[in-house]
Amino acid sequence: FVFFAFAVEEMERVVALWRSTTASVEDWSDLFHSHFIDQEQGDDLLFYIQVVDDEEILQVYRRGGTKKLPEPYSREYDWIQTMCLNTIMQMITFNLTVAQCKETAKGTLKPIKSDAKQLYASPSYRSMDVKSSSEIITYPNLYFTIDDFDSYFEQYSINPHQAYTLELTAEAKHFKTVLFTGSISHSSSSSSSSLVSEYIQSTRSSTKKLSNYSWISRDDLFFFKINAPEQAAGYVQMALALSKQPSSSPPPQATATATT
């Protein structure tokens, strides 16, 4: 309860400073040090945005570590970005909701199985389609990675006339917003949305090409990207794999797995 009260208070002060026309660099530095250092709230990891020759560089420190923290009010750092990044990383709750849906007679989607998972924003990224890949700093772009995506999503097998949907939301205090939505369909009247059936056909052909998507293979997984809807930012990286079924079973399905 103490931490929740702190988070609400901090968010109100961040919003007030953001809206203020007279807020100074010192005000943002004071707010950052008050909440994340003096009161020792949130995680021990602290993220600073250093500015060198107009280039923004992400610096990571550990509160209480041997590496000395930057001095308050230092002109080497962008205190607005530093405060906002740590607020996003530590004070905002992100949730991914996924659902397996079936097409109705009216052409709409009806969920038949769904699940939710809390995700964490990160200013770095590790490619999921390359084994043992190194971490890449991506700030100001933030990523939400599901490291155990292959086991977490293996429960979803997309059959004909079904679709797999996902929604990423952000929530702070009483405010909630949708950051990203996306879906893939097994088969439908639109060839551009019949990703799964197209993937199954490609695995049986010599061309190994999906006409509507750019994709990368790794072992038995095929990774591809879906861009955010128009007027929105970001993309989701997902993966498909053929379901393991005996030869006497119905036509092949594809199990949808996802990373963001």
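**Exercise 1. Salt bridges**

Find how many salt bridges the structure holds, and name the partners.

*Solution.* This is a predicted model. Step one is the count: the structure holds 3 salt bridges. Step two is the pairs. E26 bonds with R75, with the closest N and O atoms 2.9 Å apart. R63 pairs with D44, and here the closest N and O atoms are 3.2 Å apart. K68 and E71 make a salt bridge through their side chains, at 3.2 Å from N to O.

**Exercise 2. E26 and R75**

Place E26 and R75 on the chain, then state whether each is buried, partly exposed or exposed.

*Solution.* Start with E26. It sits in helix 2, residues 25–38. Now take R75. This residue belongs to the loop between strand 2 (55–62) and helix 3 (79–91). The two are 49 residues apart, so the salt bridge links distant parts of the chain. Next, accessibility. E26 has 28% relative accessibility, so it counts as partly exposed. R75 reaches 62%, which puts it in the exposed class because the cut-off is over 50%.

**Exercise 3. R63 and D44**

Work out which parts of the chain the R63–D44 pair ties together, and classify both residues by accessibility.

*Solution.* R63 lies in the loop between strand 2 and helix 3. D44 lies in the loop between helix 2 and strand 1 (45–52). The pair therefore ties together parts that are 19 residues apart in sequence. R63 has a relative accessible area of 12%. Buried means under 20%, so R63 is buried. D44, at 35% relative accessibility, counts as partly exposed.

**Exercise 4. K68 and E71**

Classify K68 and E71 by accessibility.

*Solution.* K68 has a relative accessible area of 64%, so it is exposed. E71 has 45% relative accessibility and is partly exposed.

**Exercise 5. S74 and L31**

For S74 and L31, give the location, the burial and a residue that is distant in sequence, with its C-alpha to C-alpha distance.

*Solution.* Take S74. Its place is in the loop between strand 2 and helix 3. At 17% relative accessibility, S74 is buried. V25 is 49 residues from S74 in sequence, yet their C-alpha atoms are 9.5 Å apart.

Now take L31, in helix 2. Its relative accessible area is 0%, so L31 is buried. W79 lies 48 residues from L31 in sequence and 9.2 Å away in space, C-alpha to C-alpha. Beyond neighbours within four places in sequence, L31 contacts R13, V14, L17 and M83.

**Exercise 6. The largest pocket**

Describe the volume and lining of the largest pocket.

*Solution.* First, volume: the largest pocket holds about 870 Å³ of space. Second, lining: 29 residues line it, and those closest to its centre are F94, L142, F144, A170 and L179. Third, sources: helix 1 (2–19), helix 3, strand 8 (162–172), strand 9 (175–185) and strand 12 (235–242) each supply at least two lining residues. Fourth, chemistry: the lining has 20 nonpolar, 5 polar and 4 charged residues.

**Exercise 7. The whole chain**

Summarise the chain: secondary structure, burial, contacts and surface.

*Solution.* The chain has 5 helices and 13 strands. Of its 260 residues, 43% are buried. Among contacts with a separation of 6 or more, 51% join residues 24 or more positions apart. The chain exposes about 14,800 Å², and carbon and sulfur atoms supply 51% of that area.

Technical notes
Residues are numbered from 1 along each chain as its sequence is written. This is a predicted model: local features need pLDDT of at least 70, side-chain atom pairs count only at pLDDT 80 or more; totals for chains, interfaces and linings use all residues. Side-chain values use heavy atoms; hydrogens and water are left out. A salt bridge is a side-chain nitrogen of Lys or Arg within 4 Å of a carboxyl oxygen of Asp or Glu. Helices (H or I, at least four residues) and strands (E, at least two) are DSSP runs, numbered from the N terminus. Buried means under 20% relative accessible area, exposed over 50%, partly exposed in between (1.4 Å probe, protein chains only). Contact means heavy atoms within 4.5 Å. Accessible areas come from the Shrake-Rupley method with a 1.4 Å probe; for residues, only the protein chains shown count as cover. On a 1 Å grid over the protein atoms alone, a cavity is a set of points where a 1.4 Å probe fits but cannot get out, and a pocket is an open set with protein on both sides within 12 Å along at least five of seven lines; lining residues have an atom within 4 Å of a point. Grid points are joined across faces, edges and corners, and a volume is the space filled by probe spheres set on the points. Ala, Val, Leu, Ile, Met, Phe, Trp, Tyr, Cys and Pro count as nonpolar, Asp, Glu, Lys and Arg as charged, and the others, Gly among them, as polar.
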